[in-house]
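Please open the structure in your viewer and keep the selection tool ready. The tour proceeds stop by stop, each with something to select and something to find.

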Amino acid sequence: MALAFDEFGRPFIILREQDQKTRLRGIDAQKANIAAGKAVARILRSSLGPKGMDKMLQGPDGDITITNDGATILEQMDVDNQIAKLMVELSRSQDYEIGDGTTGVVVMAGALLEQAERQLDRGIHPIRIAEGYEMASRVAVEHLERIAQKFEFDINNFEPLVQTCMTTLSSKIVNRCKRSLAEIAVKAVLAVADLERRDVNLDLIKVEGKVGGKLEDTELIYGILIDKDMSHPQMPKHIEDAHIAILTCPFEPPKPKTKHKVDIDTVEKFETLRKQEQQYFDEMVQKCKDVGATLVICQWGFDDEANHLLMHRNLPAVRWVGGVELELIAIATGGRIVPRFQELTPEKLGKAGVVREKSFGTTKERMLYIEHCANSKAVTVFIRGGNKMMIEETKRSIHDALCVARNLIRNKSIVYGGGAAEIACSLAVDAAADKYPGVEQYAIRAFAEALDSVPMALAENSGLQPIETLSAVKSQQIKENIPFYGIDCNDVGTNDMREQNVFETLIGKQQQILLATQVVKMILKIDDVISNSEY
Ligand code: ADP
């Protein structure tokens, strides 16, 4: 494609290999784009909320993912259409910024597109719709600020944080254990949080999983977990106040290089060699003991004889620990990685309150817990579950809960979930529409209607009559002028989301509205689509 100008300076587009290209212009382009965006949103709509359905996605090599996390579903779907890709991006940015609300944001964008289509049919110019949406989104975001509630928590009273995380988890497969998982997520975040600066470094929280056991066995470890065991079954399984030597040098005598030859032709010679080897090894063990090490973690292995000797000399050891884990241990325990025995000094030892080995079930699977490390606040969430899919989905759910807890530490404001915040915003936007004399008024009203689609989807997914339920809740909000009423998805018996403890973070909800509006505006402003007809 090239842009050229005719003799009057008017631009025109030259399409090379015309027959291979398709071109959509004006209203057709907008309609096609809207249809693509809506198609993506429709897929996610049934996954929204506590009674939302899950999706099963098969990867290229046959692996299966079962999830209801919007970002994951879209990421795994191999979409070709460029507008559909924008929707995928939308969900991803919500995930990146906030971590939760990834389904809601796409549903919202889909509803905005649907409403835009109606306005286009009425003959309203797309730019007018885009401007109307922009104004409406500002009204909605400000209104959210107004209805938001602040709640206080501290390190001893973190119940409100747990409640909010539970709302996030209630829509996932893991909702059976939402209480315990929410507590784990909150404790993990509080363990690494800097409450003075109101910051949380989520990198310090590792999420590990191992197939087996029950979801209820999921635990929080104040330290690091490595998938290794002590090198000898008779070594102690519990070491208090461990001083750890972290070695990258092999725990064995140096091997003769290939060009040298050792002739052993008598038993005596063999005995001497053996003694020497043993002595060499003994010195290495002694060196570790001299500097005060009570545990050795090695990157390399050692043979059975060495292993036996280590056990005999009462120096527990772990072998074949990977480089990345070794580094993590060094950082957490404040130790240094030692490449040669000669360099081992007491200051280079890492320190940990407890190192213990735990075995799982009847299997021979064991793992090593390194807890209460000297240097770092790093924690690990260790997930158990019946199969790999369950563990992966739990990891994603925990990620959402961790993000929610982090967002609340950054900003203590919450709004009410179950569509309550959306209904309140819809009412506010609708009221604001009257103030605008221009054509934008229609777009603003359309925005208000689009906001209703979230509670409608929640109701629909819970098997309720969407329109009736929504109008009942809406009139309740208007009558009592209270923005806490939402959809009673779980049939608890009350619409009051305060009573149900269904909260969402203010920044998460605001971000959803802003991002969805941004993408829809972008789609509406496209009036020329030139593509290879192969796609
Ligand atoms: P997302 O990926 O966008 O977080 P979810 O599937 O987690 O999507 O659904 C979140 C929506 O479900 C939010 O609007 C939230 O308010 C609502 N929700 C969660 N738990 C409940 C509940 N117990 N009752 C009513 N609504 C709920």
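Select residues 453–461, which form helix α14, and residues 466–480, which form helix α15. In this predicted model, the axes of the two helices come within 8 Å and cross at roughly 125°. Angles over 145 degrees count as roughly antiparallel and those from 65 to 115 as roughly perpendicular; α14 is therefore oblique to α15. The crossing of α14 past α15 is right-handed.

Next, display the side chains where these two helices meet. On α14, select P455, M456, A459 and E460; on α15, select P466, I467, T469 and L470. How many residues of the contact of α14 with α15 are nonpolar, polar and charged? There are 6 nonpolar residues, 1 polar residue and 1 charged residue.

**Second stop: α7 and α11**

Select residues 178–192 for helix α7 and residues 388–410 for helix α11. Their axes lie 9 Å apart, and the helices pack at an angle of about 50°. This angle makes α7 oblique to α11. As α7 passes α11, the crossing is right-handed.

To see the contact itself, display L181, A185, A188, V189 and L190 on α7. Then add their partners on α11, namely T394, I398, A401, L402, A405, R406 and I409. Sorted by class, the residues in the contact of α7 with α11 comprise 10 nonpolar, 1 polar and 1 charged.

**Third stop: α4 and α5**

Move to helix α4, residues 102–121, and helix α5, residues 126–147. The two axes come within 10 Å of each other, and they cross at roughly 140°. Are α4 and α5 parallel or oblique to each other? They are oblique. Here α4 passes α5 in a right-handed crossing.

Display L112, Q115, A116, Q119 and L120 of α4 together with P126, I129 and Y133 of α5, since these are the residues that meet. The contact of α4 with α5 contains 6 nonpolar and 2 polar residues, and no charged residues.

**Final stop: the ligand**

Select the ligand and the 21 residues around it. Which of these residues come nearest? They are T103, G104, S171, G418 and E504.

Now inspect individual atoms with the distance tool. Begin with G104: one of its polar backbone atoms is 2.8 Å from an oxygen atom of the ligand. Continue to G101, where a polar backbone atom is 3.2 Å from an oxygen atom of the ligand. Finish at S47, which has a backbone N or O atom 3.3 Å from an oxygen atom of the ligand.

Key
Residues are numbered from 1 along each chain as its sequence is written. This is a predicted model: local features need pLDDT of at least 70, side-chain atom pairs count only at pLDDT 80 or more; totals for chains, interfaces and linings use all residues. Side-chain values use heavy atoms; hydrogens and water are left out. Axes are lines fitted to C-alpha atoms, for helices over the stretch in contact, and angles run from 0 to 180 degrees between N-to-C directions. Helices (H or I, at least four residues) and strands (E, at least two) are DSSP runs, numbered from the N terminus. Angles under 35 degrees count as roughly parallel, over 145 as roughly antiparallel, 65 to 115 as roughly perpendicular and the rest as oblique. A crossing is left-handed if the near helix is turned anticlockwise from the far one by less than a right angle, and right-handed if clockwise. Contact means heavy atoms within 4.5 Å. Ala, Val, Leu, Ile, Met, Phe, Trp, Tyr, Cys and Pro count as nonpolar, Asp, Glu, Lys and Arg as charged, and the others, Gly among them, as polar. A residue is near a molecule or strand if one of its heavy atoms lies within 4 Å of it. A polar contact is a pair of N or O atoms within 3.5 Å; within protein, one must be able to donate a hydrogen and the other to accept it, and residues adjacent in sequence count only if both atoms are side-chain atoms.
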